[in-house]
Amino acid sequence: MRGFDLPGDLLLGSATAATQIEGGDRGVNWYAWSLQGKVGDGESSLTGADHWNRFREDTELMARMGHRCYRMSVEWSRIEPERGTWSAEGIGHYREELSLLRERNILPLVTLHHFSCPQWFQDRGGWLGEEAVDDFLEFCGKAVSSLGDLVSEWCVINEPNVFANDTYMDGKYPPGHRGDMKSYFRVSRNLVLAHLRCYSLIHRIRKEHNFPGETRVGIVHHLARFEASRLRPIPLLGKFLTVYLFETIFLEGMIRGRLLPPLGWGRPRGRGRFCDFIGINYYSRHIISRFGDIRFDPSLEEERKTDLGWEIYPRGLYDVASACWEKYRLPLYITENGLADASDAKRALFIREHLRELKHLRDRGIPVMRYYHWSLMDNLEWNDGYGPKFGLVEIDYPTMERRIRPSARYYARICRSHFVEEDIHADRQD
Ligand code: FCB
């Protein structure tokens, strides 16, 4: 059979985030946001994919599909439903879920902040609040001390750049400010400071408790392939500024502990190590004609677009990952990579071509150690609602029944064998 091998130490699996799949939480800020009609077509975050009740079935599915690693998030509002009050039920729930993953030999990677927060935190000013970083750190301390024996790998904040942009510049996420540049930078600065303090906190707690396994704490960053539309000053300057404000200030801040303008100046926590791996969320390529004008290539044919119109551009994964490695020399995890594809016509090919790029990276000695496909199942795509279908597993919303998509079977064969078949329909020949 034609195809290529992937290294045995590259763990393959999938990713999700609590708000997008759990459902049923009235304490999370996305619930109030849904009530304001800001989610999809009047949809609600209460629906999710009922994962809160079906996590056992979902873990079983992962195991059946040969997934060896799983990136999930814990919902802050489930663990600390009111400021300073800890929920034994919430913690117990996550302990059960994590134990089950461990039993199934699926290595968890847990995100502490994935685009959501408790409504009480939002009401105190969210990430603009005076005590935002302290509040978040309290929660992290509790989560890590009560779950840390089951989790050695942590990401603190998912996509700080997208989060700050969508909350304060694009207004798509609560609290929905538009063009509020001042808040964008203040929130970004707080996220960087929160990461730096949380990095040391997680290491300290796991060490004090003598929790098993090597502690690894990383960042998860949305890295897109940016290109200038032409080699002219305006597009080139636009690209430079975009990369600086959307990427560099976060990477330098969180990886090297170095605040750059406009976030600040200097090293608030001194010199040291603040990151053990770089998580890359890679989806697409964007063309920049001037600062603020970022689009997908307008000449794209249908086959190269996802249902959301994002360009399918596997080579970009190679480009962004190798650039990260050249600059920071840290192990790389591909913490998200996937597409909205309701018909499932493009997903298997998408997976094959992105894994081919991973193979090239590994052949060049670049330590990409994990690949988490986004997403395990269909979910709430934030303000876009339940329309976009990112799941390896399809959710039939009226019944909440799970159905493994054909592409997920293709991926499952790869997860089990570490061999990527060229023929994506090989299983359907006999
Ligand atoms: C990323 C988010 C993730 C999901 C994908 C499609 O920006 O981290 O939650 O929505 O995009």
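Mentor: Helices (H or I, at least four residues) are DSSP runs, numbered from the N terminus. The model discussed here is predicted.

Trainee: Which helix gives the most to the lining of the largest cavity?

Mentor: The lining of the largest cavity comprises 14 residues, with Cys117, Gln122, Trp127, Phe163 and Pro174 lying nearest the centre. Two elements, α6 (119-123) and α8 (160-168), each supply two or more residues to this lining. The greatest contribution, three residues, comes from α8.

Trainee: How many charged residues are in the lining of the largest cavity?

Mentor: The whole structure holds four cavities of 30 Å³ or more, and the largest has about 70 Å³ of space. Its lining consists of eight nonpolar and six polar residues, and the number of charged residues is zero.

Trainee: How many disulfides does a search of the whole structure find?

Mentor: A disulfide requires two cysteine sulfur atoms within 2.5 Å. The sulfur of cysteine 69 lies 8.0 Å from its closest cysteine sulfur, in cysteine 415, and is therefore too far for a bond. Cysteine 155 is likewise unpaired, as the nearest cysteine sulfur, in cysteine 275, is 10 Å away. Across the whole structure, the number of disulfides found is zero.

Trainee: Is cysteine 155 buried or exposed?

Mentor: A residue counts as buried under 20% relative accessible area. Cysteine 155 has a relative accessibility of 0%, so this residue is buried.

Trainee: How far apart are the end C-alpha atoms of helix α13?

Mentor: Helix α13 (residues 406-417) has twelve residues, and at 1.5 Å a residue the expected span is 16 Å. The model agrees with this expectation, because the end C-alpha atoms of α13 are apart by 17 Å.

Notes
Residues numbered from 1 in each chain as written. Predicted model: local features only at pLDDT ≥ 70, side-chain atom pairs only at ≥ 80, totals over all residues. Heavy atoms only, no water. Buried < 20%, exposed > 50% of the residue type's maximum accessible area, 1.4 Å probe, protein only. Expected span 1.5 Å × (residues − 1). 1 Å grid on protein atoms, 1.4 Å probe; cavity = no way out; pocket = protein on both sides within 12 Å on 5 of 7 lines; lining within 4 Å. Points joined across faces, edges and corners; volume = space filled by probe spheres on them. Nonpolar A, V, L, I, M, F, W, Y, C, P; charged D, E, K, R; others polar.
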